[in-house]
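Colleague: I'm happier with gels than with coordinates. Could you walk me through how to read a fold?

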Amino acid sequence: MEYRRMGRTGLQLSALSYGSWVTFHKQVDDSLADELMGLAYDAGVNFFDNAEVYAGGESEKLMGRVLQKKRWDRTSYTVSSKAFFGWRGKENKPNQHGLSRKHLTEACHEALQRLQMDYLDLYFCHRPDKNVPIEEVVQTMNTLIQQGKILYWGTSEWSGTEIMEAHRVAADYRLIGPSVEQPQYNLLEREKVEKDYYNIFRTVGMGTTIWSPLASGLLTGKYNEGIPEDSRLALEGFDWLRDKLIADEKLAKVKRLGTLAQELGVQQSTLAIAWTLKNPNVTTAILGATKRNQLEENLKALEVLPLLTPEVLQRIEDIMETKPKLPDF
């Protein structure tokens with residue numbers, strides 16, 4: 001396993017990590033989660049990602065049960081939670097979602113209870129909140145760090161402008177600003193990481209824990225001939241994801257990427273994951289495999305990195321045609 005420093009912090013995360021979005025409780029039960037997390041940990045994975053909204057809090061409870069059973073040394077791994085959406089769904093009342101001091105603090109306490117932990121290594125503001133002053137958000141996160149309930153705080157799917165505003169407030173008030181962002185990043189979704197955050201990496205140096213490196217499985221090629229019944233795109237309530245991802249133009253590119261993977265003698269999934277890790281601004285790519293063989297294959301992505309020569313990377317660019325145009329500085 002390769003370990004990378006999270007931005008300018010001293011924290012080191014495994015280049016490949018394991019997350020529970022969509023899968024835990026919906027597709028993965030306790031025994032399978034135990035098996036998959038054990039496989040990841042034994043391979044050197046030291047970061048496990050979660051959030052209050054995943055399966056209405058059940059995902060955190062499941063992960064907490066597995067970690068209690070595993071009894072791994074707490075200092076050997078890192079765990080995250082994220083707050084914004086709340087966990088009650090449509091039953092959320094006014095202060096049970098968003099980034100108010102009340103919700104961020106109470107959501108942190110609830111996550112600790114569900115995960116059966118004394119502290120969170122990473123705590124993310126799951127989305128920006130236009131209704132809450134950024135000063136309140138930064139001050140709340142700083143307080144949680146001072147109380148020892150969280151060690152680092154970050155953002156998820158914030159704009160570059162919003163992240164820089166948080167850093168400005170932190171500097172003005174001499175508080176701890178966000179040190180990590182969790183954006184979607186893959187061969188089909190590149191604008192935020194490569195363009196919007198371009199100056200952020202050059203100035204404040206945020207780490208990134210990217211999600212969906214396989215575009216919810218689309219980049220594996222498994223949807224080329226339709227949607228398998230046991231895939232996440234077949235789950236009830238995920239029509240929005242299915243409609244967004246499945247398009248003839250995208251599928252044609254994915255098929256061509258598969259041809260290149262065959263030529264290189266690697267799995268298409270590991271090629272796509274390795275491509276994200278080629279970006280030096282990616283701290284870790286979160287895997288979300290639901291089967292042992294999937295996870296074993298995905299964990300081989302680091303072995304594919306040496307194959308990504310400038311020539312191969314250019315061939316990938318020619319196939320995908322998704323590289324954002326950077327502004328002139």
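Colleague: What share of the contacts in the chain with a separation of 6 or more comes from residues 24 or more positions apart?

Modeller: Keep in mind that this is a predicted model. Here, residues 24 or more positions apart account for 78% of those contacts.

Colleague: And how many helices and strands are there in the chain?

Modeller: You can count 13 helices and 10 strands. The radius of gyration is 19 Å, close to the 20 Å that the globule rule gives for 329 residues, so the chain is as compact as a globular protein of that length. Its C-alpha trace spans about 55 × 50 × 35 Å along the principal axes, and buried residues make up 55% of the 329.

Colleague: Okay, let's do a helix. Which residues of helix 3 are buried?

Modeller: General idea to begin with: an α-helix has 3.6 residues a turn, so residues three or four places apart point the same way. Now the case here: the buried residues of helix 3 are H103, L104, A107, C108, E110, A111, L112, R114 and L115.

Colleague: What do the buried residues of helix 3 pack against?

Modeller: Two helices and three strands, if you tick them off: helix 2 (58-70), helix 4 (134-146), strand 5 (78-83), strand 6 (120-125) and strand 7 (150-155).

Colleague: How far apart are the end C-alpha atoms of helix 3?

Modeller: They are 21 Å apart, and that agrees with the span expected at 1.5 Å a residue for the 15 residues from 101 to 115, which is also 21 Å. Right after helix 3 comes Q116, with a positive phi near 55°.

Colleague: Now a charged residue. Where is D129 found, and which side chain of opposite charge is nearest to D129?

Modeller: D129 sits in the loop between strand 6 and helix 4. The nearest opposite charge is on K130, 8.8 Å away, and D129 has no salt bridge although it is buried. For scale, a salt bridge needs the charged atoms within 4 Å.

Colleague: Which backbone nitrogens does the side chain of D129 reach?

Modeller: One is the backbone nitrogen of L99, at 2.9 Å. Another is that of N131, also reached at 2.9 Å. Leaving out residues up to four places away in sequence, D129 touches F84, G98 and L99.

Colleague: Last one: is D318 buried or partly exposed?

Modeller: D318 counts as partly exposed because its relative accessibility is 43%. You'll find D318 in helix 13 (residues 310-320). From F84, D318 is 234 residues away in sequence and 38 Å away in space, C-alpha to C-alpha.

Key. Residues are numbered from 1 along each chain as its sequence is written. This is a predicted model: local features need pLDDT of at least 70, side-chain atom pairs count only at pLDDT 80 or more; totals for chains, interfaces and linings use all residues. Side-chain values use heavy atoms; hydrogens and water are left out. Helices (H or I, at least four residues) and strands (E, at least two) are DSSP runs, numbered from the N terminus. The expected span of a helix is 1.5 Å times one less than its number of residues. Buried means under 20% relative accessible area, exposed over 50%, partly exposed in between (1.4 Å probe, protein chains only). Contact means heavy atoms within 4.5 Å. Lys and Arg count as positive and Asp and Glu as negative; His and the chain ends are not counted. A polar contact is a pair of N or O atoms within 3.5 Å; within protein, one must be able to donate a hydrogen and the other to accept it, and residues adjacent in sequence count only if both atoms are side-chain atoms. The radius of gyration is taken over C-alpha atoms; the globule rule is 2.2 Å times the number of residues to the power 0.38.
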